[in-house]
Amino acid sequence: MRLYIETYGCQMNVADSELIFGMLDREGYVRVEDPAGADVMLVNTCAVRDNAEQRVIGRMGELQRHKRPGSVLGVVGCMAQRLGPALLQQVPRVDMVVGPDAYRNLPELIRMAQAGERTSDTEFRAWEHYEDVPPVRESGPTAFVTVQRGCDYRCTFCIVPQTRGPERSRRLQDIVREVVELAGQGTSEVTLLGQTVNSFHDGEHDFADLLRAVGAVDGIRRLRFTSPYPTDFTPRCIEAMATTPAVCGHVHLPVQSGSNAVLRRMLRRYTRERYLEVVAALRSALPGITFSTDIIVGFPGETEAQFEETLTLVNDADFDDAYTFKYSVRQGTPAVRLGDHLADEVASARLRRLIDAVRSNTRRKNAARVGQCHEVLVERAAKRGNLMLARTRGNHLVLLDLPAGTVGEYHIARLTGTTGSTFTGTVAAPALAVL
Ligand code: 5AD
């Protein structure tokens with residue numbers, strides 16, 4: 001049986017697709033890279049914004065063309081969870097709709113679909129960690145490791161609590177066992193994943209314990225995590241970051257808005273001032289740390305003055321990078337009921353101004369980095385020329401003239417130029433074998 005999966009959305013979805021491959025690998029499925037000829041085609045979806053869903057609807061139309069008698073087209077992930085069986089009505093040739101807590105039932109659901117029954121499973125299973133299902137990853141020096149599923153926060157714009165269910169953490173021992181195995185296969189960098197990853201707690205251990213335990217695994221030279229919640233950085237956690245050499249000096253810390261009034265309506269649990277304090281605490285504990293963030297513009301009721309507070313935050317927090325989004329109404333979220341939804345032209349204009357502010361800050365910061373030397377990990381071949389793509393601990397991409405066999409190697413690279421966002425570099429020295 002040939003299995004094709006297309007993945008949209010966040011890193012958690014990438015990890016979930018690896019989990020689905022693991023689930024179906026046990027059933028004898030082989031992975032194929034082309035939907036034509038696949039026996040099962042799955043689209044792992046995102047529901048966080050309407051345009052993510054529209055893209056999937058469009059793509060389903062194309063994938064339907066590859067359907068043959070007996071083959072199965074399934075929608076899995078957050079959009080599947082959000083829309084449930086209604087998706088079966090909306091897209092006539094979809095056979096199967098499966099939410100993130102139901103992947104264990106995929107073999108059975110696929111069998112039913114093959115027998116001609118259109119099926120869905122969107123039940124929440126708050127105990128589900130897929131602990132017994134080893135993900136099938138593409139081999140390489142980096143790996144995602146899910147440490148927490150679901151979300152207990154209630155940000156008013158966000159659909160994720162409805163698509164991924166309640167928060168639950170895996171047990172620290174189970175995570176460490178998985179990382180030990182990965183290190184044994186040659187992985188030297190892991191990224192711990194969770195919706196609010198630093199609220200990790202397995203009943204006995206917190207996120208600080210987890211960082212120390214994973215960072216102590218032999219062979220793990222780099223440890224990253226995404227995405228943390230600003231107020232879940234306890235002093236213990238910051239201390240663990242500062243004293244665990246594998247922890248990389250880069251944090252993706254979604255802020256969403258620079259206005260306290262907007263943050264309050266978003267039900268974020270911090271103010272602009274508190275957010276900046278967290279950033280400052282991390283900067284003083286981890287010198288040279290870089291920050292990226294997520295920002296939403298055009299949240300209901302956002303005034304011009306409130307938007308301008310977001311603009312000034314870009315410079316006050318001195319972000320190295322930011323992912324910027326126009327607010328998208330998600331049915332079922334509390335923000336739907338807020339008044340004062342903004343006209344699309346207003347939100348679009350703000351988004352453009354925000355992107356300009358972010359770009360100019362990023363460009364200025366990166367220009368100042370040219371000439372510096374950084375440790376890089378060679379991740380893969382670049383699309384352009386014969387160059388290799390490597391990453392600094394601060395999460396900057398560097399194009400290097402190295403042979404293809406260097407994936408997984410660490411080097412010291414001198415940054416020689418920048419496009420504003422990525423760098424070119426030359427290898428100054430091989431990096432030391434130990435941290
Ligand atoms: N509209 C726009 N952006 C959103 N995000 C989450 N929900 C919405 C929404 N309704 C953004 C947030 C989050 C990122 C993953 O997606 O910035 O951090």
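**Exercise 1. A salt bridge at Glu 6**

Is Glu 6 buried or exposed? Find its salt-bridge partner as well.

*Solution.*
Step 1. Keep in mind that this is a predicted model.
Step 2. Take the relative accessible area of Glu 6, which is 10%. Buried means under 20%. Glu 6 is therefore buried.
Step 3. Look for the partner. The side chain of Glu 6 meets that of Arg 59 in a salt bridge, at 2.6 Å from N to O.
Step 4. Place both residues. Glu 6 belongs to strand E1 (residues 2–7), and Arg 59 belongs to helix H2 (residues 50–63). The two are 53 residues apart, and the pair links distant parts of the chain.

**Exercise 2. Two more salt bridges**

Work out which parts of the chain are tied together by Arg 68 with Asp 39, and by Asp 209 with Arg 236.

*Solution.*
Step 1. Start with Arg 68 and Asp 39. Their side chains form a salt bridge of 3.6 Å, N to O.
Step 2. Locate them. Arg 68 sits in the loop between H2 and strand E4 (72–77). Asp 39 sits in the loop between strand E2 (30–31) and strand E3 (40–45). The parts they tie together are therefore 29 residues apart in sequence.
Step 3. Check accessibility. Arg 68 has 34% relative accessibility and counts as partly exposed. Asp 39 has 16% and counts as buried.
Step 4. Turn to Asp 209 and Arg 236. The closest N and O atoms of this salt bridge are 2.9 Å apart.
Step 5. Locate this pair. Asp 209 is in helix H8 (residues 207–215), while Arg 236 is in helix H9 (residues 235–243). This salt bridge therefore ties together parts 27 residues apart in sequence.
Step 6. Check accessibility again. Asp 209, at 22%, counts as partly exposed. Arg 236, at 44%, also counts as partly exposed.
Step 7. Widen the view. Salt bridges with shared partners join Glu 189, Arg 221, Arg 222, Arg 224, Glu 375 and Arg 393 into one network. A search of the whole structure finds 45 salt bridges.

**Exercise 3. The ligand and its shell**

Which residues surround the ligand? Describe the contacts made by Arg 49, Asp 294 and Ser 328.

*Solution.*
Step 1. List the shell. The residues around the ligand are Val 48, Arg 49, Phe 157, Gln 256, Asp 294, Ile 296, Phe 325, Lys 326, Tyr 327, Ser 328 and Arg 330.
Step 2. Ask which strands contribute. Strand E13 (290–297) and strand E14 (321–326) each supply at least two residues of the shell.
Step 3. Take Arg 49. An N or O atom in its side chain is 2.9 Å from an oxygen atom of the ligand.
Step 4. Take Asp 294. One of its polar side-chain atoms is 2.7 Å from an oxygen atom of the ligand.
Step 5. Take Ser 328. Here a backbone N or O atom lies 2.8 Å from a nitrogen atom of the ligand.
Step 6. Finish with the cover. On its own, the ligand has 400 Å² of accessible area, and the protein covers 86% of it.

**Exercise 4. An open sheet and a closed barrel**

Give the strand order of the open sheet and of the closed barrel.

*Solution.*
Step 1. Recall the general rule. Strands of a sheet pair through backbone hydrogen bonds, either parallel or antiparallel.
Step 2. Read the open sheet. Its 3 strands run in the order E12-E13-E14, with parallel pairing.
Step 3. Find the edges. E12 and E14 are the edge strands, and each pairs on one side only.
Step 4. Add the twist. From one strand to the next, the average is 10°.
Step 5. Zoom in on one pairing. E12 and E13 are joined by 3 bridges in the parallel sense. His 250 has Thr 290 in E13 as its bridge partner.
Step 6. Read the barrel. Its 5 strands run E15-E16-E17-E19-E18, and the pairing is mixed. The twist averages 55° from one strand to the next.
Step 7. Zoom in again. Strands E18 (residues 410–418) and E19 (residues 423–430) run antiparallel and are joined by 7 bridges. Arg 414 stands opposite Thr 426 in E19.

**Exercise 5. Two loop residues**

Where do Thr 244 and Met 266 lie?

*Solution.*
Step 1. Thr 244 is in the loop between H9 and strand E12 (250–252). Its relative accessibility is 7%, so Thr 244 counts as buried.
Step 2. A polar side-chain atom of Thr 244 lies 2.6 Å from the backbone oxygen of Ala 240.
Step 3. Met 266 is in the loop between helix H10 (260–265) and helix H11 (272–285). Its relative accessibility is 0%, so Met 266 counts as buried.

Conventions. Residues numbered from 1 in each chain as written. Predicted model: local features only at pLDDT ≥ 70, side-chain atom pairs only at ≥ 80, totals over all residues. Heavy atoms only, no water. Pairing = 2+ DSSP bridges. Helix = DSSP H or I, 4+ residues; strand = E, 2+ residues; numbered from the N terminus. Axes fitted to C-alpha atoms, helices over the stretch in contact; angles between N-to-C directions. Salt bridge = Lys/Arg side-chain N within 4 Å of Asp/Glu carboxyl O. Buried < 20%, exposed > 50% of the residue type's maximum accessible area, 1.4 Å probe, protein only. Near = heavy atom within 4 Å. Polar contact = N/O pair within 3.5 Å; in protein donor to acceptor, adjacent residues only side chain to side chain. Areas by Shrake-Rupley, 256 points an atom, 1.4 Å probe, with all protein chains shown as cover.
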